[in-house]
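Please look over the model shown below together with the briefing that follows, which takes the single chain before the contact between chains.

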Amino acid sequence: MSAPATMLAVCGLTAGYVVPVLGPVSFTLARGEIVGLCGPNGSGKSTLLAALLGNARIFGGEINKAPDTVFSLQTQRQPPVAGVPLNGAELLALTAAAADGLPPALAACVGRRLDRLSGGQRQFLHLWACLQAPADVVLLDEPTNNLDPDGVAHLAGALRARAAGGAGLLVVSHDAAFLAAACDRLVRLGGNDDAV
Amino acid sequence: MPFDALLDPLFVQPFFTGLAFAVLLPLLGAYLRLRDEWLAALAFAQTAAAGALLAMLAGWPLQLGGLLAAAAAAALKSVFEGAARGVQGAAYAMLLVGSWGASVLLVANLPLAERLGHALFDGQLYFTDRDHLVAAAICTGVAGAGLFALSRRLLLSHFFPDYFRAVGGSVRRVHFLFDLLVAAALALATMSIGVMSAFALIFLPPLVAWAWSGSWRRSLALAVAVGVVAYVLAFLGALWLDQPFGPVLALILVLVGVLSGVAHRLHIGL
């Protein structure tokens with residue numbers, strides 16, 4: 001049986017903006033794999049995601065991506081939605097994400113305007129739109145923020161289903177329990193890789 | 001009776017010229033409102049008026065002058081794309097005030113510019129001709145098609161800016177293309193219905209529609225409906241009362257906006 005295709009290989013990467021804030025770090029991400037990125041605040045977890053997409057300065061090392069790899073990225077940056085008449089279904093449609101698999105309570109109110117949903121519901125929809133967008137590699141930055149325990153559990157299942165569908169997932173989180181439950185492998189910034 | 005005017009060939013061309021903008025401007029206004037850039041719209045309209053006045057002095061077609069000036073304003077605006085919100089607002093305000101100052105000085109010092117200046121500021125819809133109608137129809141078709149093509153990218157770049165960049169989108173390019181559409185539409189609208197009428201049509205219908213719509217698609221339809229109904233009432237009302245069109249349209253839209261705001265507050269129980 002052949003090993004899953006490597007979609008992303010990071011080797012000795014040092015990255016930052018004005019000065020390096022990250023690295024050197026090395027890891028790989030294969031198709032169908034979920035890799036967690038952990039480390040204390042300021043260790044460069046989000047900078048690493050930015051570097052993978054060419055939005056941070058690379059001071060050393062290299063990033064190799066499989067040809068024609070399509071990335072999806074979820075971040076904490078969400079614009080204010082007060083007064084904007086966009087509903088949940090329209091939000092998901094923007095990234096061509098399907099609503100199938102949403103938690104039942106959220107699926108029931110996906111036709112509501114975003115400004116009539118709770119902050120946690122909006123966060124989950126935003127996250128879902130990026131997670132389920134057509135992509136080979138999905139990058140998630142602190143996806144459990146603002147989610148309740150049921151939402152976190154549902155998210156872990158959704159990540160596994162997405163990986164089983166062939167995507168590679170790289171998950172940045174400060175939530176060690178979530179990473180341990182959801183990921184195949186952890187990369188500690190400034191430390192060694194751990195198998196989960 | 002005012003309805004008879006719609007059958008009078010003298011008023012048919014002006015009516016359809018304004019109607020085209022009553023459909024287009026609320027649509028553009030919805031996306032401007034999403035980006036909270038309504039002040040930029042007013043700056044574009046005012047700059048277009050100044051450009052038309054300068055074109056008249058240079059012996060160029062007025063619409064060309066307005067289009068070039070508005071396009072230059074859109075290009076200038078793109079320079080401030082990545083700036084903080086306060087800096088952007090200050091830039092639009094300076095563009096607006098500067099264009100207004102230049103226009104008024106031209107009008108005050110050049111007799112030839114006086115009549116055109118009043119027409120641009122107050123609106124000259126009833127004096128528009130076939131050229132205005134053709135320009136309005138082409139503008140509505142091109143800008144409508146352009147907006148249809150850009151709509152998803154505009155929404156995506158607003159709600160998922162990081163995702164949009166990750167899939168290879170350029171926020172700056174999409175916004176600049178949209179600004180060009182807005183600038184062109186406002187330049188031509190300003191030549192036909194005046195600065196403040198154009199601004200009223202781009203700002204107020206989306207304001208009303210956003211309060212009452214459960215989806216983006218419905219809000220676009222409602223904004224167009226508000227714009228068209230207000231326009232038709234203003235066109236007929238101004239004729240019937242023998243008043244200038246621009247102020248009548250502006251007051252009708254403000255009245256609709258106020259009534260909508262009060263009704264919405266009552267509706268949600270505030």
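In this predicted model, 53% of the 196 residues of chain A count as buried. Chain A exposes about 8400 Å², and carbon and sulfur atoms supply 55% of that area.

**Fold and dimensions of chain A**

- Chain A contains six helices and nine strands.
- Among the contacts in chain A with a separation of 6 or more, 69% are accounted for by residues that lie 24 or more positions apart along the chain.
- The radius of gyration of chain A is 17 Å, which agrees with the value near 16 Å that a compact globule would have with 196 residues.
- Taken along the principal axes, the box that the C-alpha atoms of chain A fill is roughly 45 × 45 × 35 Å.

**Charges of chain A**

- Chain A carries 13 positive and 15 negative charges, and the mean positions of these two sets are 6 Å apart.

**Contact between chain A and chain B**

- The contact draws on 27 residues from chain A, while chain B contributes 22 residues.
- Between them, chain A and chain B bury about 2000 Å², of which 62% is on carbon and sulfur atoms.
- On the side of chain A, the residues that lose the most area to chain B are A:R77, A:P85 and A:L94, and together they make up 30% of what that side buries.

Conventions
Residues are numbered from 1 along each chain as its sequence is written. Chains are lettered from A and ligands numbered from 1 in the order in which they are written. This is a predicted model: local features need pLDDT of at least 70, side-chain atom pairs count only at pLDDT 80 or more; totals for chains, interfaces and linings use all residues. Side-chain values use heavy atoms; hydrogens and water are left out. Helices (H or I, at least four residues) and strands (E, at least two) are DSSP runs, numbered from the N terminus. The radius of gyration is taken over C-alpha atoms; the globule rule is 2.2 Å times the number of residues to the power 0.38. Buried means under 20% relative accessible area, exposed over 50%, partly exposed in between (1.4 Å probe, protein chains only). Contact means heavy atoms within 4.5 Å. Accessible areas come from the Shrake-Rupley method with a 1.4 Å probe; for residues, only the protein chains shown count as cover. Lys and Arg count as positive and Asp and Glu as negative; His and the chain ends are not counted. The place of a charge is taken as NZ of Lys, CZ of Arg, CG of Asp or CD of Glu. Buried area is the accessible area (1.4 Å probe) that two parts lose on being put together, summed over both.
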